[in-house]
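Q: Please take one part of this model, the packing of its helices, and go through it closely and in order. I would like to follow each contact residue by residue in the viewer.

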Amino acid sequence: MKSQLIDIHQHVPSDPELDARVQACAETGVVKQVLLGLPESRSPGDNARVLKAHRLHPDLFIPFYGVDMDIDGPGDILRARDRGFTGLKFIGPLRPYNDRAYFPFYETAAELNLPVLFHLGIVANMNGWRDCDSNLMRPIHLDHIARRMPELTVIGAHLGNPWCEEAAMSCRWNPNLFFDLSGSLLKYRSPHFLNDLLWWKPEGPYPAPDKTFAWQKILFGTDVASSQMEDVRQDYEKLMTALNLSAPIRSGIWTDTAARILRLTL
Ligand SMILES: [Zn+2]
């Protein structure tokens, strides 16, 4: 059977490159791809282009609204939902993600059934991201958010790189908290390292409250140029092979878990 991958972490390419992205999805077996918007204050913002790509390819692209955490209010979340966004992306806050000033965003997202994806950990050092404190985007902040709002679906990017230990233990204690392994992680961390962090099993010892395997909380995400997507798919594949993950766990990572949390039927 042809693979049906769901890519939980991508960004919208430039308009002339959109066709190449659609092609790359077809070649990689990606049937649904989340496009994470950036707010206008991170110029250039691209929420409008994310929505446009979704309208051109509604069966492929899933639009997440890039929230301007220190300018937007809950009303902007409602308007984003009404425009067609089906999830939220957070990055670059001026306070820690779990600052109480931000909780109205999370409460609104929970009420509207919008899953939320947080950039975590270090940010690329490039224009627009010079005055950016990565310490405000630590995975432990998601532990607070996820346990306070069990009805909210929370996705953390990059397994919190470089704070992977915080990410893993936060993941274990919160059934509503998931992580992708995009970014440089799979290039420099061994399967053994990741398996040491993602260790819990339903039968225990020390099981997670939802009695899951740790790997049931992991999602496939690429976060690279279209031409590199297949390379990331292969990195995930190598990891799963090295750890001898079972077929149901693999299909959870590729497709099933994301389908459930995004409420998709393939
Ligand atoms: Zn990204």
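A: In this predicted model, helix H3 passes helix H4 in a right-handed crossing. Two packed helices are described by the angle between their axes and the distance between the axes. For H3, which covers residues 74-83, and H4, which covers residues 103-111, the angle is about 30 degrees and the axes are 9 Å apart. Angles under 35 degrees count as roughly parallel, and H3 and H4 are therefore roughly parallel to each other. On the H3 side the contact is formed by Pro74, Ile77 and Leu78, which meet Pro104, Phe105, Thr108 and Ala109 of H4. Sorted by class, the residues of this contact between H3 and H4 comprise six nonpolar and one polar, with no charged residue.

A single residue of H3 is worth a closer look. Ala80 lies in helix H3, and it counts as buried because 25 C-beta neighbours are found inside 10 Å. If residues up to four places away in sequence are left aside, Ala80 touches Tyr65 and Phe85. The C-alpha atom of Ala80 is separated by 9.4 Å from that of Asn47, although these two residues are 33 residues apart along the chain.

Turning to the other partner, H4 has Phe105, Tyr106, Thr108 and Ala109 as its buried residues. When one looks down the axis of H4, these buried residues fall within an arc of 160 degrees, so they line one face of the helix. They pack against H3, and also against strand S4 (87-90), strand S5 (116-118) and helix H5 (139-148). Just after H4 ends, Asn113 takes a positive phi of about 60 degrees.

The loop between S4 and H4 holds Pro93. Pro93 counts as buried because it has 22 C-beta neighbours inside 10 Å, and, with residues up to four places away in sequence not counted, it touches Met69, Asp70, Tyr102 and Leu136. From C-alpha to C-alpha, Pro93 and Tyr65 are 15 Å apart in space, while 28 residues apart in sequence.

H5, already named as a partner of the buried residues of H4, also packs with helix H6 (residues 164-173), at an angle of about 15 degrees and with the axes 8 Å apart. That angle makes H5 roughly parallel to H6, and the crossing of H5 and H6 is left-handed, whereas that of H3 and H4 is right-handed. From H5 the contact takes Pro139, Ile140, Leu142, Asp143 and Arg147, and from H6 it takes Glu166, Ala167, Ser170 and Trp173. By class, the contact of H5 with H6 contains five nonpolar residues, one polar residue and three charged residues.

The last element to follow is H6 itself. Its buried residues are Cys164, Glu166, Ala167, Ala168, Ser170, Cys171 and Arg172. Since seven of the 10 residues of H6 are buried, this helix is largely enclosed by the rest of the structure. The elements against which the buried residues of H6 pack are H5, strand S6 (154-156), strand S7 (177-180) and helix H8 (191-197).

Terms used: Residues numbered from 1 in each chain as written. Predicted model: local features only at pLDDT ≥ 70, side-chain atom pairs only at ≥ 80, totals over all residues. Axes fitted to C-alpha atoms, helices over the stretch in contact; angles between N-to-C directions. Helix = DSSP H or I, 4+ residues; strand = E, 2+ residues; numbered from the N terminus. Parallel < 35°, antiparallel > 145°, perpendicular 65-115°, else oblique. Left-handed = near helix turned anticlockwise from the far one by under 90°. Contact = placed C-beta atoms within 7 Å. Nonpolar A, V, L, I, M, F, W, Y, C, P; charged D, E, K, R; others polar. Buried ≥ 20, exposed ≤ 12 C-beta atoms within 10 Å, placed from the backbone. Arc of directions from axis to C-beta.
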